[in-house]
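This report describes the fold of one protein chain, from its overall make-up down to single residues. The sequence and structure come first, and the description follows.

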Amino acid sequence: MNLSQLYYFRKLAQLEHYTKAAQELFISQPSLSSSIAAMEEELHIKLFQKKGRNVKLTKDGKEFYAHVCRCLDALQDGIDSAHDKSGMLGGCISIAAPPSLLLEFVPELVRDYREHHPSQVTFQFHNETSLEKIKDGIQDGTYDFAIFPDVDSDNALCALALSNQPFCAFVPNSHPLAKKKALSFRDLQAYPLITYPETTDAGQKIRDILESHSLSAADSFPDEFSVSGCLSQNDRLVAIAPNTPVLCRCDRLTALPLPELPENTSTICLLYSRKNHMTKPMESFLSFAQERFSVAQQHSA
């Protein structure tokens, strides 16, 4: 048994899917299957059992997984210690986020981190729109961090507020309101509205604000990419959405400020596990994010 096999085993245990694990490990699925089979033969135990299209750890596999994680974490600590002595951090940080934040917000944060902390740390970005999948991924160690709007901390997950996410109104360029410089809620009374689902924190806040102005959102959209499609089908529709590059750079849409909408309607958060092992690179990145945005908030106050 070699070190690569242990990393392969851990990744498969985290993702519970041979194809996905092989893709993230940059190896072929047959190679991964062969490696796991060789481990099982050497250990004389069954590590995984099939569950539909996925696999799950067996009872013996779960026990072995705990030992492997402790072993690999200890190894990473040793690597981090060696890098500390050389003055250079190394390792990989995995970050999950929805497409709208991966387009600009996350890359800018990583760029700023690298400018202030020259290192050999590499980053893996994961496109994920489901908060539940992100929470599961953080808790099982698939993701080191996630960046997602409007998440509250709990016993297992810490949500660090980074930045307010401004919202505005988006309309098609042919919309009757498109030539205005800004909108009031009174301007919206004659038009159908859409916004985030009420199951999201921002969606509920916006719907409560609309209701206080005798307005309501008839429909909802799952992400900013779908807004463009909705608006292209109805030139009287108004979407209240985050002012992200996904929408601002769409030449078919016009963004209009809504001054009556509070600036803190939505908050971008950095998520991480309180319970998982945190490597030196992760500690460094977390400290940088905390300092970067606390300074930004002080300057804006």
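Two strands are said to pair if DSSP finds at least two bridges between them. Helices (H or I, at least four residues) and strands (E, at least two) are themselves DSSP runs, numbered from the N terminus. The model is a predicted one, in which local features need pLDDT of at least 70 and side-chain atom pairs count only at pLDDT 80 or more, while totals for chains, interfaces and linings use all residues. Residues are numbered from 1 along each chain as its sequence is written, and side-chain values use heavy atoms, with hydrogens and water left out.

**Overall make-up**

The protein holds eleven helices and twelve strands. Its C-alpha trace spans about 70 × 45 × 35 Å along the principal axes. Of the 301 residues, 47% are buried, where buried means under 20% relative accessible area, exposed over 50%, and partly exposed in between (1.4 Å probe, protein chains only). Contact is taken as heavy atoms within 4.5 Å. Among contacts between residues at least 6 apart in sequence, 72% join residues at least 24 apart.

**Helix 3, the hairpin and helix 7**

Helix 3 covers residues 29-43, and its end C-alpha atoms are 21 Å apart, which agrees with the 21 Å that its 15 residues should span at 1.5 Å a residue. That expected span is 1.5 Å times one less than the number of residues. The buried residues of helix 3 include Leu32, Ser35, Ile36, Met39 and Glu40. Seen down the helix axis, the buried residues of helix 3 fall within an arc of 135 degrees, so they line one face; the arc is that of the directions from the helix axis to the C-beta atoms. Pro30 and Glu41 are exposed on the other side of helix 3.

After helix 3 comes a hairpin. Strand 1 (residues 48-51) and strand 2 (residues 54-57) pair in the antiparallel sense over four bridges, with phenylalanine 48 opposite leucine 57. Two residues lie between these strands, and glycine 52 takes a positive phi in this hairpin.

Helix 7 (residues 131-139) has Ile134, Gly137 and Ile138 as its buried residues. Viewed down the axis of helix 7, they fall within an arc of 95 degrees, so they line one face of the helix. Glu132 and Lys133 are exposed on the other side of helix 7.

**Positive phi values**

The table lists residues with positive phi.

| Residue | Place | Phi |
|---|---|---|
| Histidine 44 | follows helix 3 | near 65 degrees |
| Glycine 52 | hairpin of strand 1 and strand 2 | near 65 degrees |
| Glycine 141 | follows helix 7 | near 85 degrees |
| Aspartate 150 | loop between strand 5 (145-149) and strand 6 | about 55 degrees |
| Serine 214 | loop between helix 8 and strand 9 | near 60 degrees |

Aspartate 150 counts as buried, at 17% relative accessibility, whereas serine 214 counts as exposed, at 70%.

**The five-stranded sheet and the cores**

An open sheet of mixed pairing is formed by five strands in the order 9-8-10-7-11. Strand 9 (219-220) and strand 11 (253-256) are at the edges with a single partner strand each, so one side of each has no neighbour in the sheet. Strand 7 and strand 11 pair in the antiparallel sense over four bridges; proline 172 stands opposite leucine 253 in strand 11.

Two helices lie across this sheet. Helix 8 (residues 201-212) crosses strand 7, strand 8 (193-195), strand 9 and strand 10 (238-242), running at about 150 degrees to strand 8. Helix 9 (residues 224-232) lies across strand 7, strand 8, strand 10 and strand 11, at about 165 degrees to strand 10. Axes are lines fitted to C-alpha atoms, for helices over the stretch in contact, and angles run from 0 to 180 degrees between N-to-C directions.

A nonpolar core is a set of buried Ala, Val, Leu, Ile, Met, Phe, Trp, Tyr and Cys residues joined through side-chain atoms within 4.5 Å. The largest has 34 residues, of which Leu188, Leu210, Val238 and Ile240 touch the most other members. Strand 7, strand 8, helix 8, helix 9, strand 10 and strand 11 each give two or more residues to this core, and strand 7 gives the largest share, five residues. Apart from this core lies another, of 27 residues, including Ile93, Phe105, Val121 and Ile268.

**Glutamine 165**

Glutamine 165 lies in the loop between strand 6 (157-164) and strand 7 (167-172) and counts as buried at 5% relative accessibility. Leaving aside neighbours within four places in sequence, glutamine 165 is in contact with Leu101, Pro149, Pro242, Thr244, Glu263, Ser266 and Ile268.
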